[in-house]
Amino acid sequence: MSPKNVIFKKTCKDKSVGVFMGKRDFVDRVDSVDPVDGVILIDPEVLAGRKVFVTLSCTFRYGRDDMDVMGIAFRRELYLVTRQVYPPMQDRDKTVHTRVQAKLLRKLGNNAYPFFFEFPDNLPCSVALQPAPNDVGKQCAVEFEIKAFSAESQDAKVRKRSTVKLMIRKVQYAPESQEVAPSVEITKDFVMSDKPLHVQATLDKELYYHGEPIKVHVNVTNNSNKNIKNIIVSVDQVATVVLFSNDSYTKCVDYEDNGDSVSAGATLKKVYTLLPLLANNRERRGIALDGKLKHEDTNLASSSVVKEGVLKEVMGIMVSYRVMVKLIVGGSVSVLVCFQLFLFTKIEMEDEMVFEEFKRSYLRGIIAGDDDDEEGNVSGGDDITPKEK
């Protein structure tokens with residue numbers, strides 16, 4: 001049996017416009033980003049002469065809706081572009097289509113029209129800050145959205161029943177090349193000691209994937225007359241919110257504290273193993289996560305890597321990671337080793353398309369709410385024809 005490619009589908013309430021997309025995660029490989037491609041299926045009778053438009057938007061939300069003051073929203077639109085899909089601006093058969101579009105156009109017929117967007121270099125990836133368990137409303141996040149709607153013109157008032165929205169993600173994937181294993185060492189002199197304290201921290205490599213253990217090789221040579229009372233090794237996530245100013249927030253996402261001590265004149269060589277996971281940080285407010293789609297789980301945010309030359313233009317939430325080795329010795333001595341944390345996914349284009357429309361609430365045994373709040377419809381099943389449930 002040939003492999004099947006999941007197709008995401010969502011239709012507006014009045015059935016005039018439907019969106020079909022082969023994926024909702026678009027990969028940022030630093031030097032290139034996957035284009036956003038899909039197909040719009042229209043019903044000319046329901047449209048009754050109206051035009052159809054598609055927009056790609058990137059919004060940075062830095063406050064909840066209920067915090068809006070005097071009509072000023074705590075969100076900023078970082079990017080917005082609109083394309084007219086119907087009536088088409090050029091002949092459908094003469095345009096270049098992606099493989100997914102070509103298959104969808106053949107299956108959906110003459111009332112299907114392709115759309116295509118490219119991300120500019122200065123857009124951040126999808127990142128959200130985890131709210132506290134009791135927080136309500138939308139979280140602080142960088143969000144991407146595809147919106148299709150029908151209207152008399154692009155600037156005309158748009159009816160909610162004639163609009164369909166689909167959240168997508170721009171995700172950071174690991175560069176193919178790996179750098180030399182990072183290592184940092186420091187020498188600390190003390191006022192009342194003739195000899196110094198020497199500390200070295202080394203990682204096996206610079207690039208790690210989510211769920212992969214991080215081994216930290218710690219080498220302490222304590223030639224001083226001070227006693228090291230404890231050694232704490234931790235992984236810190238540093239989230240920099242870039243908007244009006246650069247504000248950084250550091251959160252420990254994993255640590256090891258075994259009470260190790262090193263007396264004066266002694267040495268210590270030990271390997272500490274850390275495993276930073278969202279599962280151990282779900283109740284902590286402010287942890288940066290990879291952008292989340294409704295009803296789907298996510299993970300700690302991947303490291304942010306920006307194309308060279310455009311860093312100063314990027315706004316949003318930038319994420320980095322470091323290992324900190326902290327020695328308690330009449331104060332503290334710290335060594336910081338930076339590393340990168342990424343997703344690991346093998347991306348393949350599958351041969352056969354299968355799409356089926358349904359609401360997730362039906363699967364979960366709950367009563368469906370407002371259709372506008374439904375995050376949409378994902379394919380699955382053995383048919384090729386869309387089904388209504």
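Visitor: Which residues form one aromatic cluster with Phe26?

Guide: This is a predicted model, where local features need pLDDT of at least 70, side-chain atom pairs count only at pLDDT 80 or more, and totals for chains, interfaces and linings use all residues. Residues are numbered from 1 along each chain as its sequence is written, and side-chain values use heavy atoms, with hydrogens and water left out. Phe26 shares one aromatic cluster with Phe119 and Phe144.

Visitor: Is the Tyr321 and Phe339 pair stacked, edge-to-face or tilted?

Guide: Rings of Phe, Tyr and Trp (its six-membered ring) pair if their centres lie within 6.5 Å; planes under 30 degrees apart are stacked, over 60 edge-to-face, and the rest tilted. Here the centres are 5.9 Å apart and the planes sit at 35 degrees, so the pair is tilted.

Visitor: Are Tyr321 and Phe339 buried or exposed?

Guide: Buried means under 20% relative accessible area, exposed over 50%, partly exposed in between (1.4 Å probe, protein chains only). Tyr321 comes in at 1% and Phe339 at 4%, so Tyr321 is buried and Phe339 is also buried.

Visitor: Which ring does the charged end of Arg24 sit over?

Guide: The cut-offs are NZ of Lys or CZ of Arg within 6 Å of the ring centre and within 35 degrees of the ring normal. Lys205 does this over the face of Tyr208, at 5.3 Å from the ring centre. For Arg24, the distance is 5.4 Å, and the ring belongs to Phe8.
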